[in-house]
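The following exercises concern a chain and its ligand. Each task is followed by a solution worked in steps.

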Amino acid sequence: MFTGELVTLGPIQREYLPHYVEWLNDWEIRRFLAPTLAQPYAIEDEEEWFNHQRQAKNDRHFAILTREQGLLLGNCGLHQIDWSNRNAIFGIFIGDKNRWGKGYGTDATRTLLRFAFEEANLHRIELEVFAFNPRAICSYEKCGFKLEGVRRQALFREGAWHDEHIMAILHDEWIALNRKS
Ligand SMILES: CC(C)(COP(=O)(O)OP(=O)(O)OC[C@H]1O[C@@H](n2cnc3c(N)ncnc32)[C@H](O)[C@@H]1OP(=O)(O)O)[C@@H](O)C(=O)NCCC(=O)NCCS
């Protein structure tokens with residue numbers, strides 16, 4: 001259920017937190033992440049998040065690990081799970097920049113979608129991605145996410161306004177895609 005071709009999705013371990021803090025304070029990574037993270041991040045913030053996510057009924061977070069060696073690559077998860085309407089918001093980052101563009105993010109996303117649709121019985125997974133992040137957009141399209149709309153100039157970053165894309169994939173679309181392959 002949690003293993004893809006390149007990655008395994010595992011539980012977040014407390015020992016991973018310093019890596020997450022380092023990665024989340026790296027602007028090359030964080031410039032692509034949500035505005036709530038646009039301030040320096042301390043280990044205490046991460047510990048608070050860690051303790052909270054273990055109790056949260058409507059979030060599911062996973063560590064992304066290499067399948068072969070179990071090396072920590074990043075984090076992905078479902079947020080704001082609405083169990084009545086069976087939808088959730090997807091988020092991901094690969095913190096090890098040397099591994100970008102090598103298929104890990106796409107494999108982690110597909111693995112999480114399999115969990116979302118085939119185990120958690122969700123119906124719709126949605127995400128937000130900045131227009132200046134073509135690597136992420138390409139990866140999401142490969143997983144079957146479709147563009148649903150653009151929040152024009154929704155983000156002010158690095159001295160300029162940027163559009164934010166809303167993308168989503170439905171359960172039936174996931175099933176159709178995976179029947180073909
Ligand atoms: C976004 C992210 C999760 C993608 O994971 P990844 O492992 O780097 O991506 P993958 O290798 O699986 O797929 C990327 C695809 O984009 C393509 N790509 C890379 N740069 C591109 C560009 N400038 N334009 C178009 N496509 C591009 C790659 O060629 C690849 O497609 P391919 O496998 O068909 O060749 C990862 O790069 C990351 O964590 N980035 C920083 C944080 C972030 O952006 N998080 C998402 C916020 S919404």
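**Exercise 1.** Which element supplies the largest share of the shell around the ligand, and how many residues come from it?

*Solution.* The model is a predicted one. Begin with the elements that each supply at least two residues of the shell: strand S4 (87–94), helix H4 (104–118), strand S5 (124–130) and helix H5 (134–143). Of the shell, the largest share comes from H5, with seven residues.

**Exercise 2.** Determine which residues come nearest to the ligand, and describe the shell by class.

*Solution.* The ligand has 22 residues around it, and those that come nearest are Ile94, Gly103, Thr106, Asn133 and Lys142. Sorted by class, the shell comprises 12 nonpolar, six polar and four charged residues.

**Exercise 3.** Identify polar contacts of the ligand, then state how far the protein covers the ligand.

*Solution.* Consider the side chains: a polar side-chain atom of Asn133 lies 2.7 Å from an oxygen atom of the ligand. Turn next to the backbone. A backbone N or O atom of Gly101 is 2.8 Å from a ligand oxygen atom, and for Tyr104 the corresponding backbone distance is 3.5 Å. On its own the ligand has 950 Å² of accessible area, of which the protein covers 74%. The space that the ligand takes is the largest pocket.

**Exercise 4.** Describe the fold of the chain and assess how compact the chain is.

*Solution.* The chain contains six helices and seven strands, in the sequence order β-α-α-α-β-β-β-α-β-α-β-β-α. Its radius of gyration is 16 Å, close to the 16 Å given by the globule rule for 181 residues, so the chain is as compact as a globular protein of that length. The C-alpha trace spans about 45 × 40 × 35 Å along its principal axes.

Note on methods: Residues numbered from 1 in each chain as written. Predicted model: local features only at pLDDT ≥ 70, side-chain atom pairs only at ≥ 80, totals over all residues. Heavy atoms only, no water. Near = heavy atom within 4 Å. Polar contact = N/O pair within 3.5 Å; in protein donor to acceptor, adjacent residues only side chain to side chain. Areas by Shrake-Rupley, 256 points an atom, 1.4 Å probe, with all protein chains shown as cover. 1 Å grid on protein atoms, 1.4 Å probe; cavity = no way out; pocket = protein on both sides within 12 Å on 5 of 7 lines; lining within 4 Å. Sits in = over half its atoms within 2 Å of the grid points. Helix = DSSP H or I, 4+ residues; strand = E, 2+ residues; numbered from the N terminus. Nonpolar A, V, L, I, M, F, W, Y, C, P; charged D, E, K, R; others polar. Rg over C-alpha atoms; globule rule 2.2 N^0.38 Å.
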